[in-house]
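User: Could you walk me through how the protein meets the DNA in this model? I'd like to take one strand at a time.

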Protein chains: 2
Amino acid sequence: METLGIGALAKRAGVGIDTVRYYERSGLLAPKTRLRSGYRRYSTAELARLRFIRRAQTLGFSLKEIRELLALSRDRDVARVKRAAQAKLADVEQRIAALERMRDGLAMLIAACPGHGDPTECPILRALGGEGPDALDLPCASAPHPGAP
Amino acid sequence: METLGIGALAKRAGVGIDTVRYYERSGLLAPKTRLRSGYRRYSTAELARLRFIRRAQTLGFSLKEIRELLALSRDRDVARVKRAAQAKLADVEQRIAALERMRDGLAMLIAACPGHGDPTECPILRALGGEGPDALDLPCASAPHPGAP
DNA sequence: CTTGACCCTGGACCTCGCTCCAGGGGCTAG
DNA sequence: CTAGCCCCTGGAGCGAGGTCCAGGGTCAAG
């Protein structure tokens with residue numbers, strides 16, 4: 001089976017060599033083997049894992065969370081694995097819902113803005129406003145009770 | 001008009017005093033005025049702005065991006081403001097789409113997992129796998145071309 | 001055997017987004 | 001006047017996630 005050196009792996013995944021080593025230090029990605037010289041050798045499984053890490057990161061997961069996700073594969077308790085996956089699903093769904101609220105708020109403002117004319121009429125400016133007395137209150141992610149923690 | 005000291009402002013927004021000062025240093029939030037003593041005074045407009053900053057952050061915007069969003073309110077060119085808002089909207093929509101792909105991938109794996117029995121049968125473990133030759137390839141955010149930047 | 005690309009370790013350094021001093025002043029109540 | 005609380009500035013420190021050496025070994029091609 002063809003294996004990759006750290007440079008080839010990094011290149012194929014579009015990351016820096018140092019980043020690969022950093023992930024290893026962080027317990028995210030170990031080389032499949034090492035040569036006697038100490039050189040790391042990776043298989044395509046590690047490449048896939050590395051790509052997964054990057055994808056998950058762009059979706060807002062921290063390395064710690066990704067480590068948890070990946071740790072599932074070491075876990076032999078299938079029921080626990082499934083519950084963990086469900087928890088991550090709920091997490092993802094919450095992120096989506098929050099972003100959808102912001103999307104709707106933005107879309108509404110854009111729709112209401114004529115795109116020309118008096119700046120004081122522009123709902124976007126009014127909403128973001130740092131001066132108007134009606135200020136901003138748009139893409140609201142639940143904060144109707146100023147007194148509540 | 002009633003104004004707030006930095007402590008009251010921070011409390012009402014649910015952030016630390018140091019955070020407010022940090023945002024000021026970062027050009028995100030200036031006090032409405034200062035007393036001769038140097039004390040910062042804020043109006044409810046600043047409170048709203050601060051809350052907006054926090055909301056936007058929880059939605060994954062960096063302080064730099066938030067600064068851009070807020071800078072729009074200083075911009076008197078309504079058309080440009082509208083375009084910037086549309087760009088942010090597109091950004092948010094992309095994040096949502098990426099998360100939806102991950103959600104669907106996770107949901108599929110969960111649905112396919114019986115939740116008990118042989119771990120080697122569990123699709124979640126197989127997908128996350130750090131050892132199986134079929135490895136993971138699930139919540140794919142477009143990466144079918146290993147050779148493309 | 002030499003050259004050049006590649007790799008090793010260990011540790012310093014960087015940006016972000018805070019968070020926490022130290023050392024001092026302002027303001028109000030008793 | 002003295003507490004006691006709030007506020008000021010400047011700067012250090014921290015965790016996350018890298019990024020960049022220095023100093024040295026490996027290895028394949030010529």
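**Protein surface at the two DNA strands**

Analyst: This is a predicted model. Sorted by class, the surface near DNA strand C is made up of 7 nonpolar, 7 polar and 5 charged residues.

User: Which residues are closest to strand C?

Analyst: Among the 19 residues that surround DNA strand C, the closest are A:Arg21, A:Arg40, B:Asp18, B:Tyr39 and B:Gln57. Of the atoms of DNA strand C that come within 4 Å of the protein, sugar and phosphate account for 71%.

User: And what does B:Gln57 lie 2.3 Å from?

Analyst: A polar atom in the side chain of B:Gln57 lies 2.3 Å from a phosphate oxygen of DNA strand C, while a side-chain N or O atom of B:Tyr23 is 2.9 Å from a phosphate oxygen of that strand. For B:Tyr22, the partner of the side-chain N or O atom is a base nitrogen of DNA strand C, at 3.5 Å.

User: Which element gives the most to that surface near strand C?

Analyst: That is H2(B), with 4 residues.

User: OK, switching to strand D: which residues come nearest there?

Analyst: Of the 19 residues around DNA strand D, the nearest are A:Asp18, A:Tyr39, A:Gln57, B:Arg21 and B:Arg40.

User: What touches its phosphates?

Analyst: Side-chain N or O atoms of A:Tyr23 and A:Arg54 each have a phosphate oxygen of DNA strand D at 2.9 Å, whereas B:Ile6 uses a backbone N or O atom, 3.5 Å from a phosphate oxygen. The elements giving two or more residues to the surface near DNA strand D are H2 (17-25) and H3 (44-58) of chain A, along with H1 (6-13) and H2 (17-25) of chain B.

Methods: Residues are numbered from 1 along each chain as its sequence is written. Chains are lettered from A and ligands numbered from 1 in the order in which they are written. This is a predicted model: local features need pLDDT of at least 70, side-chain atom pairs count only at pLDDT 80 or more; totals for chains, interfaces and linings use all residues. Side-chain values use heavy atoms; hydrogens and water are left out. A residue is near a molecule or strand if one of its heavy atoms lies within 4 Å of it. A polar contact is a pair of N or O atoms within 3.5 Å; within protein, one must be able to donate a hydrogen and the other to accept it, and residues adjacent in sequence count only if both atoms are side-chain atoms. Ala, Val, Leu, Ile, Met, Phe, Trp, Tyr, Cys and Pro count as nonpolar, Asp, Glu, Lys and Arg as charged, and the others, Gly among them, as polar.
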